[in-house]
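Opening a fresh page for this chain. I want to note what I look up as I go, starting broad and then going residue by residue.

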Amino acid sequence: EGFMQAGFNPIAHVEMNENASKTLETRSVFHALKKDGNLDSYYLYEKGEISREELFRKVPKEVYMTVINKEMSQYTLPSIFKRVDSILKADGVDHVDVIIGGPPCQAFSLVGRAQTTHMKTPMEDDPRNYLFKMYVRFLKKYQPKMFVFENVLGLLSAQNGKFYNNFKTLARRNGYHVEDKVLEADKYGVKQ
């Protein structure tokens, strides 16, 4: 959202959660309408005066078709890449400037780790711990000028830093210098 507000043009959003994907679609429509100076429709939608379907008819479907609602895995990645490639081609984009993302934080959060004995899959066996490998495959394929890899503070200490150090190693192997910085959301006006 912040990058969209700063004027970046997102090529694609990959999100496995259906509700989060719908939010991304709706925000994409919002930004397209804002760019066209036509937010009246969006406000009617927010007030419940028009449906989501009516709102989406106000923009070309390419605006919200950038959201790919799929779980990342070795099996789905080829189809995700194919979809991203088709969006790049349709938009006439030959280079990705920035990749922004990060795996789900539940596996790395301190709260999640504290509850690991009560979980069906303990933190150390959680497959989400290894999604950073999928992220690195995006870096390798699209070679952006830079990337932002976001997660919770617990990523730095999970299994004594094993996952984060492995991520940094893979990123470096693909030509990236990695710097980390802890940001406190409340210092930026974010209410979480």
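Below are my entries on the overall fold, a few buried spots and one helix with its partners.

**Entry 1: the whole chain**

First a reminder to myself that this is a predicted model. I counted elements and got eight helices and four strands. Reading from the N terminus, I wrote the order down as α-β-α-α-α-β-α-β-α-α-β-α. The chain has 192 residues, and 34% of them are buried. I also looked up how far contacts reach along the sequence: of those with a separation of 6 or more, 68% join residues 24 or more positions apart. For the accessible surface I have about 12,700 Å², with 51% of that on carbon and sulfur atoms.

**Entry 2: two neighbours in α2**

I picked Ala-32, which sits in helix α2, residues 18-35. Is Ala-32 buried or exposed? Its relative accessibility is 17%, and the cut-off for buried is under 20%, so Ala-32 goes down as buried. Looking past its neighbours within four places in sequence, I find Ala-32 touching Val-59 and Val-63. I checked the second of these by C-alpha positions: Ala-32 and Val-63 are 31 residues apart in sequence but 7.2 Å apart in space.

Next I moved to Leu-33, also in helix α2. Leu-33 has 1% relative accessibility and counts as buried. Its contact list, again without neighbours within four places, reads Asn-38, Leu-39, Ser-41, Tyr-42, Leu-55, Lys-58 and Val-59. Val-59 is on the list for Ala-32 and on the one for Leu-33. For Leu-55 I took the C-alpha separation from Leu-33, which comes to 9.7 Å across 22 residues of chain.

**Entry 3: Thr-66 and His-13**

Thr-66 is in the loop between α4 (52-56) and β2 (67-68). With a relative accessible area of 7%, Thr-66 is buried. What does Thr-66 touch, leaving aside its neighbours within four places in sequence? I get Ile-11, Ala-12, His-13, Ser-28 and Ile-87.

I followed up on His-13, which belongs to strand β1, residues 13-14. His-13 is buried as well, at 11% relative accessibility. Beyond its neighbours within four places, His-13 is in contact with Met-4, Leu-24, Ser-28, Thr-66, Val-67 and Ile-68. Ser-28 turns up in the contacts of Thr-66 and in those of His-13.

**Entry 4: what surrounds α7**

Which residues of α7 are buried? I noted Phe-132, Met-134, Tyr-135, Val-136, Phe-138, Leu-139 and Tyr-142. Their cover includes β1, α5, β3 (98-101), β4 (146-149) and α8 (162-173). I looked at the two helices in that list one at a time.

**Entry 5: α7 against α5**

Helix α5 (residues 77-91) packs on helix α7 (residues 132-142) at about 40°, and the axes are 12 Å apart. The pair is therefore oblique. The crossing of α5 and α7 is right-handed. From α5 the contact uses Leu-77, Ile-80, Phe-81, Val-84, Asp-85 and Leu-88, while α7 supplies Met-134, Arg-137, Phe-138, Lys-141 and Tyr-142. Sorted by class, that gives eight nonpolar, no polar and three charged residues. The spacing of these positions sent me back to a textbook point: an α-helix has 3.6 residues a turn, so residues three or four places apart point the same way.

**Entry 6: α7 against α8**

How do the axes of α7 and α8 cross? They come within 10 Å, at roughly 15°. Angles under 35 degrees count as roughly parallel, so that is what I wrote for α7 and α8. The crossing of α7 and α8 is right-handed. Here α7 brings Phe-132, Lys-133, Tyr-135 and Val-136, and α8 brings Phe-163, Asn-166, Phe-167, Leu-170 and Ala-171. By class I have seven nonpolar, one polar and one charged for this contact.

**Entry 7: just past α7**

Last stop is Gln-143, which follows α7 and lies in the loop between α7 and β4. I flagged its phi, which is near 45°, a positive value in a residue other than glycine. Gln-143 counts as partly exposed, at 37% relative accessibility.

Methods
Residues are numbered from 1 along each chain as its sequence is written. This is a predicted model: local features need pLDDT of at least 70, side-chain atom pairs count only at pLDDT 80 or more; totals for chains, interfaces and linings use all residues. Side-chain values use heavy atoms; hydrogens and water are left out. Helices (H or I, at least four residues) and strands (E, at least two) are DSSP runs, numbered from the N terminus. Buried means under 20% relative accessible area, exposed over 50%, partly exposed in between (1.4 Å probe, protein chains only). Contact means heavy atoms within 4.5 Å. Accessible areas come from the Shrake-Rupley method with a 1.4 Å probe; for residues, only the protein chains shown count as cover. Axes are lines fitted to C-alpha atoms, for helices over the stretch in contact, and angles run from 0 to 180 degrees between N-to-C directions. Angles under 35 degrees count as roughly parallel, over 145 as roughly antiparallel, 65 to 115 as roughly perpendicular and the rest as oblique. A crossing is left-handed if the near helix is turned anticlockwise from the far one by less than a right angle, and right-handed if clockwise. Ala, Val, Leu, Ile, Met, Phe, Trp, Tyr, Cys and Pro count as nonpolar, Asp, Glu, Lys and Arg as charged, and the others, Gly among them, as polar.
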